[in-house]
Amino acid sequence: MDTRLPRIAEVAKTRPKERFTSLAHLLDKQMLWDCYPELPADKATGIDEVTKAEYGKNLEANLDELTTRMRRQAYKPQPSRRTYIPKGEKELRPLGIPAFEDKIVQKAMCRIVSAIYEQKFLNNSFGFRPGRNQHQALRELDSIIMRQPIRYVVDADIKGVFNHVDHGWLMKFLEQDIADPNFLRLTRRFLKAGIMENGSFEETDEGTPQGGLISPILANVYLHYVLDLWFETYVKRRLCKGKASMVRFADDFVCCIEREEDARSFYTELVERLKRFNLSIAEEKTKIIRFGRGSESECGREGRRKPGTIDFLGLRHIWGKGKSGRYRLRRKTSPKKLRARVKEFTDWIRRNRHMQEKELVEAIRRKLMGHYQYYGVSDNISGIQSYYQAVLYLTRKWRNRRSQKRSFTIEKFNLFLSRNPLPQPKIKVNLYSSKV
């Protein structure tokens with residue numbers, strides 16, 4: 001077992017001002033060898049179209065040659081292959097797919113950077129971190145709103161963090177903790193590797209391409225310095241006169257503030273703070289709302305029906321009555337996310353309606369269970385039931401269109417379900433429990 005990374009983590013924890021001067025030598029053959037099995041085999045290939053299986057046929061020789069190039073500082077990452085995936089209902093999200101060899105190196109670099117920064121990242125950050133997930137972020141948000149005197153929420157959205165990370169600032173942030181020129185040079189080469197799209201090369205002067213293994217940890221480092229530390233040391237201690245707390249999952253964050261004037265001051269300074277580091281707020285998706293205790297009565301006095309809502313991590317957060325009749329934080333699947341998930345299933349079942357029955361049912365079961373595992377949180381039984389009903393309807397609709405006879409009647413569909421029972425909607429995560 002490699003004990004070098006735990007030692008680095010211990011130094012970063014006990015001596016937070018330490019700058020690490022010797023990291024590149026850790027990217028040796030053994031570490032790269034250890035990273036190889038952790039990479040999935042079914043992912044898209046980079047511009048060289050080399051798969052994991054092909055690279056693994058001569059793994060030892062390939063890693064020997066790779067480490068030799070790295071020692072001579074002759075290793076240069078290949079450009080990432082640009083592809084697109086759906087984002088929401090109408091947009092497309094660009095991804096940069098690295099070559100498989102570059103994935104191995106990025107995986108090893110992630111181990112090193114994570115060992116250093118996991119000791120430095122604050123507790124309000126949950127995205128792309130080992131041992132942390134979106135359900136813990138939701139539990140933290142519930143705790144803040146229910147236990148602190150929160151009256152206002154700044155629901156903010158940063159435009160394309162991964163696309164607009166400023167390389168100069170990112171390198172300055174890394175240099176606060178890393179003094180190894182070889183490791184920093186390698187990081188810069190990944191940032192500047194470029195993108196290939198339809199045979200054309202595009203330089204990358206900003207951003208960390210989504211799809212790269214090292215991009216999430218670098219984005220977390222960037223937002224740690226730009227947002228988290230600033231909020232902790234300036235917003236909470238100097239700007240706000242009342243309570244203020246933040247929950248961040250990658251580039252999605254919610255700020256909970258006690259006083260209205262503090263919330264408005266924070267929003268104004270947030271815009272300026274992000275602008276300084278080449279980031280900006282999506283104003284159409286950002287709002288300050290009255291939320292939490294007393295907001296229901298205040299809405300009544302102002303003639304509004306009910307308080308506003310917060311969309312965070314795919315869920316719509318509502319200040320409403322629970323079963324006890326008392327007001328509390330409740331949640332359901334965001335309508336936008338529900339429509340997107342239903343559309344994804346529609347596209348999939350339409351393409352795969354001719355699959356063999358057993359194979360089709362197993363795939364549908366996996367999709368339902370994956371949906372329940374993410375969205376099956378406290379209060380959201382109706383949200384996952386809506387998705388389940390949509391899956392039933394679409395499955396019958398598109399199986400019925402396999403031929404022009406349209407013979408897949410409701411009776412035959414019920415027999416289909418009796419032969420192939422699908423998992424029923426069930427709450428999987430209790431956000432009121434202290435268990436992860």
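## Helices α5 and α9

Helix α5 (residues 100-117) and helix α9 (residues 181-191) have axes that come within 12 Å of each other and cross at roughly 130°. That angle makes α5 oblique to α9, and the crossing is left-handed. Please keep in mind as you look around that this is a predicted model.

Which residues of α5 and α9 meet? On the α5 side they are D102, V105, Q106, M109, I112 and V113, and on the α9 side F183, L186, T187 and F190. Sorted by class, the residues of this contact come to seven nonpolar, two polar and one charged.

## Two nonpolar cores

The largest nonpolar core holds 72 residues. If you would like some landmarks to colour, L23, L27, I104, L174, V221, F266 and L270 are the members with the most contacts inside this core. Helix α10 (residues 215-239) gives the most to the core, with twelve residues.

L174 is a good place to zoom in. Setting aside residues up to four places away in sequence, L174 touches Y117, L184, T187, L218 and V221. One of these partners, T187, is also part of the contact between α5 and α9, and another, V221, is listed with L174 among the residues with the most contacts inside the core. A second core, separate from this one, has 48 residues, and F345, M355, L392 and W398 are included in it.

## Helices α10 and α11

Helix α10 packs with helix α11 (residues 260-276) at an angle of about 145°, and their axes are 12 Å apart. Here the crossing is right-handed. From α10, the contact takes in Y225, V226, L227, W230, F231, Y234, V235 and L239. From α11 come D262, S265, F266, E269, L270, R273 and L274.

How do the residues of this contact divide by class? Eleven are nonpolar, one is polar and three are charged. Two of the α11 residues in the contact, F266 and L270, also appear among the core residues with the most contacts.

## Helices α13 and α15

Helix α13 (residues 335-352) and helix α15 (residues 381-399) have axes that come within 10 Å and cross at roughly 25°. Are the two helices roughly parallel or oblique? They count as roughly parallel, because the angle falls under the 35 degrees used as the limit for that label. Their crossing is right-handed.

In α13, the residues that take part are L338, R341, V342, F345, T346, I349 and R350. They meet G383, S386, Y387, A390, V391, L394, T395 and W398 in α15. The class count for this contact is nine nonpolar, four polar and two charged residues. Both F345 and W398 sit in this contact, and both are included in the second core.

## Two buried residues and their contacts

H167 lies in helix α8 (residues 167-175). With a relative accessible area of 6%, H167 is buried. Apart from neighbours within four places in sequence, H167 is in contact with L191, K192, T204, D205, E206 and G207. The C-alpha atoms of H167 and R188 are separated by 8.0 Å, although the two residues are 21 residues apart along the chain.

S378 is found in the loop between α14 (357-375) and α15. Is S378 buried or exposed? At 6% relative accessibility, S378 counts as buried. Its contacts, leaving out neighbours within four places in sequence, are R331, I427, V429, N430, L431 and Y432. S378 and R330 are 48 residues apart along the chain, with 8.1 Å between their C-alpha atoms.

## Loop residues worth a look

Most residues other than glycine have a negative phi. F128 has a positive phi of about 55° and is not a glycine. F128 belongs to the loop between α5 and α6 (134-147), and its relative accessible area of 45% makes F128 partly exposed. A250 also has a positive phi, of about 60°, without being a glycine. A250 is placed in the loop between β6 (244-249) and β7 (252-257); with a relative accessible area of 9%, A250 is buried.

To finish, find G325 in the loop between β10 (315-321) and β11 (327-333). G325 counts as partly exposed, at 39% relative accessibility. From the C-alpha atom of G325 to that of V11, 314 residues away along the chain, the separation is 51 Å.

Technical notes. Residues numbered from 1 in each chain as written. Predicted model: local features only at pLDDT ≥ 70, side-chain atom pairs only at ≥ 80, totals over all residues. Heavy atoms only, no water. Axes fitted to C-alpha atoms, helices over the stretch in contact; angles between N-to-C directions. Helix = DSSP H or I, 4+ residues; strand = E, 2+ residues; numbered from the N terminus. Parallel < 35°, antiparallel > 145°, perpendicular 65-115°, else oblique. Left-handed = near helix turned anticlockwise from the far one by under 90°. Contact = heavy atoms within 4.5 Å. Nonpolar A, V, L, I, M, F, W, Y, C, P; charged D, E, K, R; others polar. Core = buried A, V, L, I, M, F, W, Y, C linked by side-chain atoms within 4.5 Å. Buried < 20%, exposed > 50% of the residue type's maximum accessible area, 1.4 Å probe, protein only.
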